[in-house]
Amino acid sequence: MWWLYREVNRRKEAKLKEKFFKRNGGLLLQLQLSSDQDNLETTKLFTSTELEKATDNYNANRIFGQGGQGTVYKGMLIDGRIVAIKKSKALDKGKLGQFINEDIKSANILLDEKFRAKVSDFGISRSISVDNTHLTTAVQGTFGYLDPEYFQSSQFTEKSDVYSFGVVLVERLTRKKPILSDKSNEGGSLTAYFLLTKDNRLYDILNPRVVKEGGEIEILVVANIAKRCLYLNGSRRPTMKEVVMELDGIRMSNEATATDKKKL
């Protein structure tokens with residue numbers, strides 16, 4: 001009888017965990033892993049026990065950020081890596097999509113001790129529907145980062161993340177927020193401000209520090225990438241893979257230049 005009681009409880013617990021896993025987006029993540037071979041080595045699913053251990057049972061001393069949908073903790077994995085772990089605040093089913101599928105934005109990009117960027121929330125393109133249409137409506141975005149095509153179709157695509165990333169690039173170049181607060185542009189859109197600026201006036205809107213520290217070619221290339229990411233027609237935007245390749249090209253070029261200077 002004791003064995004039977006324990007077995008029934010074990011099965012109940014397993015079913016409950018499976019229910020929570022599916023409800024909180026685990027199935028969508030598994031689909032993404034199986035459909036995107038490039039991410040197999042960098043994306044991993046963790047158990048609740050592993051997350052509790054990494055955050056010292058979600059110790060309040062580990063909190064370094066809070067948002068509308070959850071609390072972010074500083075965690076340490078068993079191999080010593082430092083990670084950000086986000087825990088949902090609510091169990092309201094209506095808000096699960098918002099928790100799972102947040103827009104790429106500056107607030108969700110963290111830097112490690114070597115100033116390497118780490119995205120701390122899943123982007124829109126991470127969520128794909130079960131029928132593989134690559135469309136989803138379960139996203140609550142942040143105004144200023146949202147794909148304009150969403151307002152026409154009420155659907156997000158894998159190119160919606162590209163648009164949001166373009167906004168982030170413009171933020172870095174101008175050091176301005178997505179919604180402008182300048183007296184001359186009160187409440188205006190940073191992307192519209194950027195896109196309406198003619199090429200020969202680009203340096204007029206760039207942050208002085210960016211102009212001082214960045215190379216002319218480097219700045220122009222990044223600005224061009226940002227403009228392409230912000231195309232209103234999503235089909236004309238580059239893929240995130242193409243964007244990463246171009247930015248990596250800039251980084252490698254800078255590293256090669258630095259190495260040559262050291263040799264001299």
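## A salt-bridge network among E7, R10 and R11

In this predicted model, E7, R10 and R11 are joined to one another in a network of salt bridges. The structure holds 9 salt bridges in total under the criterion applied. Three further pairs, described below, illustrate contacts between loops, between helices and within one helix.

## A buried pair between two loops

R237 and D147 form a salt bridge in which the closest N and O atoms are 2.7 Å apart. R237 belongs to the loop between α10 (216-229) and α11 (240-263), and D147 to the loop between β5 (117-119) and α5 (150-153), so this contact ties together parts of the chain that are 90 residues apart in sequence.

Both partners, R237 and D147, are buried. Burial here denotes a relative accessible area under 20%.

## A link between helices α10 and α11

A salt bridge also connects R228 with E246, with 2.8 Å between the closest N and O atoms. Because R228 is located in helix α10 and E246 in helix α11, the pair ties together parts that are 18 residues apart in sequence.

Each partner falls in the partly exposed class. R228 has a relative accessible area of 21%, while E246 counts as partly exposed at 27% relative accessibility.

## A pair within helix α11

Helix α11 also contains D248 and R251, which are 3 residues apart and therefore separated by about one helical turn. These two residues form a salt bridge, and the closest N and O atoms in this pair are 3.5 Å apart. The contact satisfies the cut-off for a salt bridge, which requires the nitrogen and the carboxyl oxygen to be within 4 Å.

With regard to solvent accessibility, D248 is classed as partly exposed at 28%. R251 is likewise partly exposed, its relative accessible area being 38%.

## A nonpolar surface patch including W3

Apart from charged contacts, the surface carries a nonpolar patch of about 510 Å², made by M1, W3, L4 and V8. Of these residues, W3 may be placed in its secondary-structure context: W3 lies in helix α1, which covers residues 2-23.

W3 counts as exposed because its relative accessibility is 56%, and the exposed class begins over 50%. This tryptophan thus contributes to the nonpolar patch from a position in helix α1.

Conventions: Residues are numbered from 1 along each chain as its sequence is written. This is a predicted model: local features need pLDDT of at least 70, side-chain atom pairs count only at pLDDT 80 or more; totals for chains, interfaces and linings use all residues. Side-chain values use heavy atoms; hydrogens and water are left out. Patches are made of residues with over 30% relative accessible area and no salt bridge: like charges are joined within 9 Å, nonpolar side chains (Val, Leu, Ile, Met, Phe, Trp, Tyr) within 5 Å. Accessible areas come from the Shrake-Rupley method with a 1.4 Å probe; for residues, only the protein chains shown count as cover. A salt bridge is a side-chain nitrogen of Lys or Arg within 4 Å of a carboxyl oxygen of Asp or Glu. Helices (H or I, at least four residues) and strands (E, at least two) are DSSP runs, numbered from the N terminus. Buried means under 20% relative accessible area, exposed over 50%, partly exposed in between (1.4 Å probe, protein chains only).
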